[in-house]
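Trainee: Could you take me through the salt bridges here, and then through the surroundings of the ligand? I would love one connected explanation that I can follow on the screen.

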Amino acid sequence: MVQKGPRPLVLCGPSGSGKSTLLKRLLKEFPDKFGFSVSHTTRSPRPGEKDGVHYHFTNKDDMLAAIEKGEFIETATFSGNMYGTSKQAVEHVRLTGRICVLDIEMEGVKQVKKTDLDPLLVFVMPPSIEELERRLRARNTEQEDALKKRLDTARREIEFGEQPGNFHIIILNDNLDKAYSDLCEFISKNVPEKMEEPNNSNEN
Ligand code: 5GP
């Protein structure tokens, strides 16, 4: 089981919404306060991505076996690839006494909401689907069909993000600095200033 620590922070938003950029900035600015939950994925690494840092890169058979063994908190298939947050990934951050930050898509959010992790849920909204498409094309990491899949998923994710009650805050990312300061403001209102020592007992 996953032991309870401080409330994790979940960032969700369509591919290309800028959530990873916001996350990177947060982790860089507050390395002692936040720790990234390194997910598993069956997709291939992009240039520059390191195994164990950006993702644990795995294959479908190993991932299915690990899911079968109950090693994951949540899993989802996104654009034909599997993704998941292992219990170990979250535990690893908790043991460092940092707040665990998850970058996950909406099916994962639905599952995490059912656990007792009680996460703070942030949705990063792109200014428009057109702008999202422009960003994804500029990023140039996907083939045309994969890009179309991501845009279809983005439409569904935006609908989910907009539904009242699904997230604690929706951050519009039409300007990165403004979006980042909105995120920091949300965090300062909702995350305790002083962190407790990590509790390693089972009783909290
Ligand atoms: P990408 O392939 O662009 O790195 O990620 C694709 C999508 O998968 C993004 O929306 C990202 O947030 C999501 N994702 C990454 N890791 C996980 C995970 O562990 N679980 C879930 N449910 N989604 C994830």
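**Charged pairs and the ligand**

Mentor: Happy to! The structure, which is a predicted model, holds 19 salt bridges. The general idea is that side chains of opposite charge can pair when their charged atoms come close. Let us visit a few of these pairs in turn.

Start with Arg-43 and Glu-49, whose side chains form a salt bridge with an N to O distance of 2.8 Å. Both partners are buried: this holds for Arg-43 and for Glu-49. Keep Arg-43 in mind, as this residue will come back when we reach the ligand.

Now move along to Lys-148, which forms a salt bridge with Glu-144; their closest N and O atoms are 3.0 Å apart. Both residues belong to helix α6 (residues 144-162), and because they are four residues apart there, about one helical turn separates them. As for exposure, Lys-148 has a relative accessibility of 48%, so it counts as partly exposed. Glu-144, at 38% relative accessibility, counts as partly exposed too.

Next, look at Arg-139 and Glu-142. Their side chains meet in a salt bridge, with 3.7 Å from N to O. How exposed is each partner? Arg-139 counts as partly exposed because its relative accessibility is 35%. Glu-142 has a relative accessible area of 19%, and since buried means under 20%, Glu-142 is buried.

This pair is also part of something wider: a network of salt bridges links Arg-139 and Glu-142 with Arg-46 and Arg-150. Two members of that network lead us straight to the ligand. A polar side-chain atom of Arg-46 lies 2.9 Å from a ligand oxygen atom, and for Arg-150 a polar side-chain atom is likewise 2.9 Å from an oxygen atom of the ligand. Lys-19 also reaches the ligand, with a polar side-chain atom 3.2 Å from one of its oxygen atoms.

How much of the ligand does the protein bury? Taken alone, the ligand exposes 510 Å², and the protein buries 95% of that. The space that the ligand takes is the largest pocket. Two elements each give two or more residues to the shell around the ligand, namely the strands β5 (72-78) and β6 (81-86).

Finally, which residues come nearest? There are 16 residues around the ligand, and the nearest of them are Ser-39, Arg-43, Tyr-55, Tyr-83 and Asp-103. So here is Arg-43 again, the buried partner of Glu-49 in our opening salt bridge.

Methods:
Residues are numbered from 1 along each chain as its sequence is written. This is a predicted model: local features need pLDDT of at least 70, side-chain atom pairs count only at pLDDT 80 or more; totals for chains, interfaces and linings use all residues. Side-chain values use heavy atoms; hydrogens and water are left out. A salt bridge is a side-chain nitrogen of Lys or Arg within 4 Å of a carboxyl oxygen of Asp or Glu. Buried means under 20% relative accessible area, exposed over 50%, partly exposed in between (1.4 Å probe, protein chains only). A residue is near a molecule or strand if one of its heavy atoms lies within 4 Å of it. A polar contact is a pair of N or O atoms within 3.5 Å; within protein, one must be able to donate a hydrogen and the other to accept it, and residues adjacent in sequence count only if both atoms are side-chain atoms. Accessible areas come from the Shrake-Rupley method with a 1.4 Å probe; for residues, only the protein chains shown count as cover. On a 1 Å grid over the protein atoms alone, a cavity is a set of points where a 1.4 Å probe fits but cannot get out, and a pocket is an open set with protein on both sides within 12 Å along at least five of seven lines; lining residues have an atom within 4 Å of a point. A molecule sits in a cavity or pocket if more than half of its atoms lie within 2 Å of its grid points.
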